[in-house]
Amino acid sequence: MPQADAAQIELEGFHNIRFWGDASAPEIQAIMMADASKTEGRLSSGVERHPPVSNLLAISGGAEDGAFGAGLLVGWSETGTRPVFDLVTGVSSGALIAPFAFLGREHDGQLRDIFTKYERKDIFTYNVHGLIEGSALADDRPLAKLIEKYVDEAFLQEVAKARLNGRILLIGTTNLDTQRPVLWDMGRIAMSRDRDALGLFRKILLASATLPGVFPPVRIQVRVGGQSYDELHVDGGVTRQVFIAPSIFSFASHDQKPARPATKPRLYVIRNGKIDPEWQSVSENVVSITQRSISTLIKNQGIGDLYRIYSITKRDGIDFNLASIPPDFSETSDEPFDQKYMIALFDRGYNLASHNYSWVKAPPGMELVPQAHY
């Protein structure tokens with residue numbers, strides 16, 4: 001893709017299905033509001049318009065730690081209090097959770113299976129030639145097949161129906177060439193009549209979970225001026241560990257009538273990782289120092305994203321709720337996507353949520369302090 005054309009956002013056969021995650025609020029809202037009246041006009045008389053937005057869910061990345069978020073959601077369902085979400089966002093492993101959380105409790109069985117039935121060989125195989133001559137150290141074709149198994153035409157139609165009812169599912173990827181986050185409106189992709197809709201839907205989920213260097217980037221084809229080009233997309237967590245676009249709330253609730261009683265919206269953020277610092281003895285060698293530095297960078301990037309989200313909720317009057325892996329979870333994994341580790345983490349999330357989990361009301365260091373009165 002030439003630099004001069006890199007800012008374009010349309011894909012051939014699709015319309016208004018994505019936008020830059022770092023765009024201004026008016027730009028994002030213009031895209032999300034585009035064709036809103038046409039979308040509403042397609043609602044049949046038998047389909048009831050979804051109520052004004054009240055419940056939002058943002059799911060972070062975390063690789064195998066995504067088992068925590070999956071368990072939390074399934075355990076929450078068991079209490080009978082888990083709401084239908086009007087907006088769901090996801091990146092990385094959160095992107096693999098988000099569509100199932102979006103469609104509701106009926107898909108909890110699939111969510112459980114994805115994070116407890118499979119192990120490393122079902123996600124990727126090692127690429128012995130990748131370090132020297134390839135684009136990645138691992139082959140993620142097993143993960144692509146896993147996505148194909150669970151995301152079929154019937155699944156796509158469920159997502160499309162939810163989008164027609166005004167509910168939104170956003171998945172984040174990172175465009176490597178532009179160094180910018182891209183947010184994909186998965187419902188609009190599902191609603192399109194393009195024959196490539198299912199393939200694109202699956203590609204985006206794979207791209208969002210593609211750790212660069214470890215997995216090969218996902219190529220997404222675009223056309224500019226009659227010429228075809230490839231964009232390289234990787235893990236959405238490279239640019240955003242967790243996100244909620246700043247104007248999505250106003251879009252999702254644009255049809256609320258002023259006379260209607262206002263319900264304070266609730267945002268639930270699932271951070272698939274520990275937020276508190278964790279002590280670990282680091283060996284004085286290149287691999288240990290690099291791994292520890294990268295994990296520390298990712299942790300603090302995630303905390304920064306929580307601060308950003310928290311400021312949006314304060315501005316827009318949204319109730320903030322945060323869940324993360326508790327600091328006393330001590331299980332360790334022997335290899336990436338260790339099945340025993342993921343089952344233990346899933347069970348921990350499940351047990352917490354099924355026993356009236358206490359959501360945290362602010363990010364670390366931002367706990368509410370009583371205001372002084374003068």
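This report walks through some local features of a predicted model, from one helix and one hairpin to the nonpolar core and a few single residues.

## Helix 13 and its ends

Let's start with helix 13, which covers residues 286–316. Its 31 residues reach 45 Å from the first C-alpha to the last, close to the 45 Å expected at 1.5 Å a residue.

Both ends are worth a look. At the N-terminal end, asparagine 285 acts as the cap, with a side-chain oxygen 2.8 Å from the backbone nitrogen of serine 288. Just after the helix comes glycine 317, whose phi is positive at about 70°.

The buried residues of helix 13 are Lys299, Gly302, Ile303, Asp305, Leu306, Ile309, Tyr310, Ile312 and Thr313. Among the elements that cover them are strand 10 (266–271) and strand 11 (319–324). As a reminder, an α-helix has 3.6 residues a turn, so residues three or four places apart point the same way.

## The hairpin of strands 8 and 9

Strand 8 (residues 218–224) has alternating side chains: Val218, Ile220, Val222 and Val224 point to one face and are buried. Arg219, Gln221 and Arg223 point to the other face and are not buried.

Strand 9 (residues 227–235) runs antiparallel to strand 8, and 7 bridges join the two. In one of these pairings, valine 222 has tyrosine 229 of strand 9 as its bridge partner. The two strands form a hairpin with 2 residues between them, and glycine 225 in the turn has a positive phi of about 60°.

## The nonpolar core

The largest nonpolar core has 103 residues, and Leu73, Trp184, Ile189 and Phe201 have the most contacts inside it. Take phenylalanine 201 as a guide: leaving out residues up to four places away in sequence, it touches Val151, Phe155, Leu156, Val159, Leu169, Met186 and Ile189.

## A buried glycine

Glycine 94 sits in helix 4 (residues 93–103) and is buried, with a relative accessible area of 0%. Its C-alpha lies 4.9 Å from that of isoleucine 59, although the two are 35 residues apart along the chain. Beyond its neighbours within four places in sequence, glycine 94 is in contact with Ile59, Ser60 and Gly61.

## Two positive phi values outside glycine

Most residues other than glycine have a negative phi. Asparagine 16 has a positive phi of about 55° although it is not a glycine. This asparagine lies in the segment before strand 1 (18–20) and is buried, at 10% relative accessible area.

Alanine 63 also has a positive phi, of about 55°. It belongs to the loop between strand 2 (55–59) and helix 3 (66–79), and alanine 63 counts as partly exposed at 32% relative accessibility.

Note on methods
Residues numbered from 1 in each chain as written. Predicted model: local features only at pLDDT ≥ 70, side-chain atom pairs only at ≥ 80, totals over all residues. Heavy atoms only, no water. Helix = DSSP H or I, 4+ residues; strand = E, 2+ residues; numbered from the N terminus. Expected span 1.5 Å × (residues − 1). Buried < 20%, exposed > 50% of the residue type's maximum accessible area, 1.4 Å probe, protein only. Contact = heavy atoms within 4.5 Å. Polar contact = N/O pair within 3.5 Å; in protein donor to acceptor, adjacent residues only side chain to side chain. Pairing = 2+ DSSP bridges. Core = buried A, V, L, I, M, F, W, Y, C linked by side-chain atoms within 4.5 Å.
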